[in-house]
Amino acid sequence: MNGATTTATAIEAFNRASAAFARLHVGRDPQRYVANLATRVEMLDAGELSLPVTINEDEPDNAWVCSPRTAYADYAAEEAIRYAPPWAAPLLRALGRFGAGRLQRARIDRAVAINNWLLSTNLYPPLAATPLRQLLDVARQRWPQHALWLRSLNECEHGDWLAQLQALGFELIGSRQVYLYRDVASLARRRHNLAMDLRLAAKHPGRAGNGEIGEADYERIAYLYRRLYLDKYSACNPHYRAEFMRQWHRQGLLHFDGFRDRDGQLLCVAGQFRLGGCLTTPIVGYDTGRPQREGLYRLATACTFEHALRSGETINFSAGAAHFKRLRGGEPAIEYSAVYARHLPRATRRAIAFLAAATQHVGVPIMRRFAL
């Protein structure tokens, strides 16, 4: 295929997914699908694309995927406490509360997130198909009192996006260090741990592919996800309900793959979301009460490696479990949010400029230094 045909195919696939997303979320109560999420979902057309957008007005206790305050104050403090010595925890909690208060007074959560799919990692259409100037002008006109955010842009995959957004006046705020796998076939030959995981999955009984996931499984998938992401890590993560798993699966937005025990109950599962040649797993869950030697997390991630082996897609495995991901050849990449706030009051602009400077000079060097 030539470049024009490839772009047209990517636009068609993107719009097909965004239409499915719109059927589920536009005009609906978000808490039907995500228990701790408050937002309003609309669609934004630019060029040939139709992009999902979330609109927020400073709602309290919101999941981080729609709340910059939760992401950069509450969740950031939790992560700092996780890696800091115990004696520093009280100070870090106090700094987190102080930061959250400052960000709330600056109304940082009065925010519109463009191309926000309510997932930890948003996947993007080709830049060649995205008229950024038009997108900015339409969004500013439609939401003149909100900051405009684009999450999940990393320096390896989206260098062109970041450069053009900066040229338009966006600030870049560092968010996480994510891990990419661009050639899984090559990594499987060179990385011992990855090869071991694939062999473990190949010989393990009880495989449950996407077509074998049904009504009896959605509650179990939501439970396994909750055990890992909310109980083990943070209540700031989105609390997806079984209805989210059911409807996203039926609409073809999520493909599930996992393993069952002898009684047919899911032991571990990965929910894959894919667009434009990239594959990510916003849903991963396993029975955290089982012995570690059973390798359930390894099995869940091996499912996604297998799919990438067959399809040739790049994997974006998001953040967390950094050592595990590095051992399997994950390429670290700093991820940013691009934020436009030039039309907003001085207090909001100053808060966003502070976040950009703090993450650039402190947060990003720490993430790189300690391989987080």
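This passage describes the sheet, the core, the internal spaces and several single residues of a predicted model.

The sheet comes first. An open sheet of 11 strands runs through the order 1-2-3-4-11-5-10-9-8-7-6. The pairing in this sheet is mixed. Strand 1 (40-46) and strand 6 (207-208) stand at the edges. Each of these two has a single partner strand, so one side of each is left without a neighbour in the sheet.

At one edge, strand 1 pairs with strand 2 in the antiparallel sense, over seven bridges. Within this pair, Ala46 stands opposite Leu49 of strand 2. The two strands form a hairpin, with two residues between them. Gly47 lies in the turn and has a positive phi of about 60°. Strand 2 (residues 49-55) is also joined to strand 3 (residues 111-114). These strands run antiparallel, and three bridges link them. One such link pairs Ile55 with Val112 in strand 3.

Strand 11 (residues 331-340) has partners on two sides. Strand 4 pairs with strand 11 in the antiparallel sense over five bridges. Here Leu150 stands opposite Ala338 of strand 11. Strand 5 (residues 171-181) also pairs with strand 11 in the antiparallel sense, over nine bridges. In that pairing, Leu180 stands opposite Glu331. Eight of the 10 residues of strand 11 are buried, so this strand is largely enclosed by the rest of the structure.

Two loop residues have notable backbone angles. Most residues other than glycine have a negative phi. Asp58 has a positive phi of about 80°, although it is not a glycine. Asp58 is found in the loop between strand 2 and helix 2 (68-83). Asn115 is not a glycine either, and has a positive phi of about 60°. Asn115 sits in the loop between strand 3 and helix 4. With 0% relative accessibility, under the 20% limit, Asn115 counts as buried.

The nonpolar core was examined next. The largest nonpolar core holds 92 residues. Among these, Phe244 and Met245 touch the most other members. Beyond its neighbours within four places in sequence, Met245 is in contact with Tyr218, Ile221, Ala222, Tyr225, Tyr240, Phe256 and Ile283.

His249 lies in helix 9 (residues 242-250). The relative accessibility of His249 is 12%, so this residue counts as buried. Leaving aside neighbours within four places in sequence, His249 is in contact with Asn210, Ile213, Tyr218, Leu254 and Phe256. Tyr218 and Phe256 are also among the contacts of Met245.

Internal space was then considered. The count comes to one cavity of 30 Å³ or more. The largest cavity contains about 50 Å³ of space. Two elements give two or more residues to the lining of this cavity: helix 4 (132-142) and strand 4 (147-154). Helix 4 gives the most, with four residues. The full lining consists of Ile114, Leu132, Leu135, Leu136, Ala139, Leu148, Leu150, Leu165 and Phe170. By class, the lining has nine nonpolar residues, no polar residues and no charged residues. Leu150 thus appears in the cavity lining and also in the pairing with strand 11.

The second largest pocket contains about 260 Å³ of space. It is lined by 15 residues. Of these, Tyr124, Pro125, Glu157, His158 and Gly276 are the closest to the centre of the pocket. The lining of the second largest pocket divides into nine nonpolar, four polar and two charged residues.

The last residue described is Arg349, found in helix 12 (residues 346-369). With 37% relative accessibility, between the limits of 20% and 50%, Arg349 counts as partly exposed. Not counting residues up to four places away in sequence, Arg349 touches Ala341, Arg342 and Leu344. Arg349 and Ile108 are 241 residues apart along the chain. Their C-alpha atoms are separated by 9.0 Å.

Definitions and conventions. Residues are numbered from 1 along each chain as its sequence is written. This is a predicted model: local features need pLDDT of at least 70, side-chain atom pairs count only at pLDDT 80 or more; totals for chains, interfaces and linings use all residues. Side-chain values use heavy atoms; hydrogens and water are left out. A nonpolar core is a set of buried Ala, Val, Leu, Ile, Met, Phe, Trp, Tyr and Cys residues joined through side-chain atoms within 4.5 Å. Buried means under 20% relative accessible area, exposed over 50%, partly exposed in between (1.4 Å probe, protein chains only). Contact means heavy atoms within 4.5 Å. On a 1 Å grid over the protein atoms alone, a cavity is a set of points where a 1.4 Å probe fits but cannot get out, and a pocket is an open set with protein on both sides within 12 Å along at least five of seven lines; lining residues have an atom within 4 Å of a point. Grid points are joined across faces, edges and corners, and a volume is the space filled by probe spheres set on the points. Ala, Val, Leu, Ile, Met, Phe, Trp, Tyr, Cys and Pro count as nonpolar, Asp, Glu, Lys and Arg as charged, and the others, Gly among them, as polar. Two strands pair if DSSP finds at least two bridges between them.
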